[in-house]
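Got the viewer open? Let's take a short walk through this one, from the whole chain down to a single helix and then over to the ligand.

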Amino acid sequence: MSWDPINVSAEHPYPVLVCHGNSRLLPEFLDGIDKVAIIYAENLVDQARQVAFGLSQEVTFIPVPGSESAKTAATLAQCWEGLAEAGITRSDAVIGLGGGSTTDLAGFAAATWLRGVRYIGMPTSLLAMVDAAVGGKTGINLPAGKNLVGNFFEPFAVLCDLDFLETLPSSELRGGLAEVLKAGFIADPRILDEFEADPVEALRAGSDLQARLVRLAVEVKARVVSADLRERTSQGSDIGRELLNYGHTLGHAIERYERFTWRHGEAISVGMVFAAELAHRQGMIDDDLLARHRRVLKLAGLPISHDGEWAGLREAMNLDKKTRGANLRFILLTGLAKARVCVDPDEQLLADAYAALVD
Ligand SMILES: NC(=O)c1ccc[n+]([C@@H]2O[C@H](COP(=O)([O-])OP(=O)(O)OC[C@H]3O[C@@H](n4cnc5c(N)ncnc54)[C@H](O)[C@@H]3O)[C@@H](O)[C@H]2O)c1
Ligand SMILES: O=C(O)C(=O)C[C@@H](O)[C@H](O)[C@H](O)COP(=O)(O)O
Ligand SMILES: [Zn+2]
């Protein structure tokens, strides 16, 4: 296990620490800070107390619902009220402690409070460690769609304490694996090889293999966002941060279609199979890579099919953030760890690719 930080070198460079027990290092990132507000998932009260223990600063706890339902304007307003009551000023800090829903919300609260105060991400789910808490995308949902309101706001530091994963339910761990495996398909095939070699060990909390996969996935995310923090519009195979959106065009539409009752990772799993179908049908990837998507995601216990009303899903995709005007954009593979942007694919191709997902 390595204590070496993974550095994100975007506008304001910051370290991401990935190892067991690093939440104990929190005081090092609070030098010169007077007060701390911990916005935490309400089911993680023990973890919030543990994090606050030993801090020399005055601490205010702000509990929020511990799931996707927290990513609303109403909960964001409650966070602002909490920060006001605590008297958080520009010499203070906000900590986001929880899964990706909590870190997305807490990061946005920190970004908008006084136009931005120091923010430290303390992800507790696999998904938040490998993806949500790294890279500075923050935000909330609207009934109209996922993450429609938000901004890019870089944390001061991210502490991925692998000890937190010990209490994470296995269903949530599987959701996080979807983003880990995404990193394997788009950038680092070692992730897929090592996962396939021992999926049981990869799912076992505390295993060395799990720690290694987290590290490899964070390295992918850090590399991509360091090169393109603000998600420029990619062209062809010249791809920036949009690469990380692999599987998300349909994935986000499924989340909205299912009224946010599906885990993010589950929806992205289906979205990646859809993207692989789209690529395969255009001759961009071979049979093996298409089959590998289904095999690997199934091994992780993730869904690979969806049976919805196509017109509704198609409509939901229009509000994807990659859309430009009426042009839908998909990140598609042209091989393992090779991708390009596909703009406005044929409508029949889209419908056929979706039909291939129905069991
Ligand atoms: N900002 C980004 O770049 C980015 C990237 C990927 C995903 N996301 C967002 O992340 C969210 C999904 O995150 P998630 O999968 O972590 O779900 P989540 O935050 O909804 O958490 C799922 C459940 O696990 C619980 N939990 C978290 N850590 C735990 C622990 N250590 N022990 C016990 N329970 C724990 C949570 O309280 C919650 O009940 C989505 O909203 C997605 O859009 C954002
Ligand atoms: O960090 C990114 O960029 C990503 O696209 C990572 C995704 O896994 C993540 O779900 C992100 O929140 C999606 O961003 P959005 O801009 O499509 O809402
Ligand atoms: Zn995602």
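**Stop one: a helix and its neighbours**

Keep in mind that you're looking at a predicted model. Start by selecting β8 (145-152), α9 (248-257) and α13 (347-355): these are what the buried residues of α12 pack against. Now add α12 itself, residues 310-317, and colour Leu313, Ala316 and Met317, which are buried. Look down the axis of α12: those buried residues fall within an arc of 105°, so they line one face of the helix. Then pick out Ala311 and Gly312, exposed residues on the face turned away from that buried side.

**Stop two: the whole chain**

Zoom out and show the cartoon. You'll find 13 helices and 11 strands. The radius of gyration is 20 Å, close to the 21 Å that the globule rule gives for 359 residues, so the chain is as compact as a globular protein of that length. Its C-alpha atoms fill a box of roughly 60 × 40 × 35 Å along the principal axes. Colour by burial and 51% of the 359 residues count as buried.

**Stop three: ligand 1**

Which residues come nearest to ligand 1? Select Gly66, Gly99, Gly100, Ser101 and Ser125, which come nearest of the 33 around it. Next, highlight α3 (100-112), α4 (126-132), β8, α5 (170-186) and α10 (264-281), each of which supplies at least two residues of the shell. Colour the shell by residue type and you get seven nonpolar, 17 polar and nine charged. Finally, colour by domain: domain 1 (6-165) and domain 2 (170-356) each give at least three residues to the shell.

Technical notes
Residues numbered from 1 in each chain as written. Chains lettered and ligands numbered in written order. Predicted model: local features only at pLDDT ≥ 70, side-chain atom pairs only at ≥ 80, totals over all residues. Buried ≥ 20, exposed ≤ 12 C-beta atoms within 10 Å, placed from the backbone. Helix = DSSP H or I, 4+ residues; strand = E, 2+ residues; numbered from the N terminus. Arc of directions from axis to C-beta. Contact = placed C-beta atoms within 7 Å. Rg over C-alpha atoms; globule rule 2.2 N^0.38 Å. Near = placed C-beta within 6 Å. Nonpolar A, V, L, I, M, F, W, Y, C, P; charged D, E, K, R; others polar. Domains from an automatic or database assignment.
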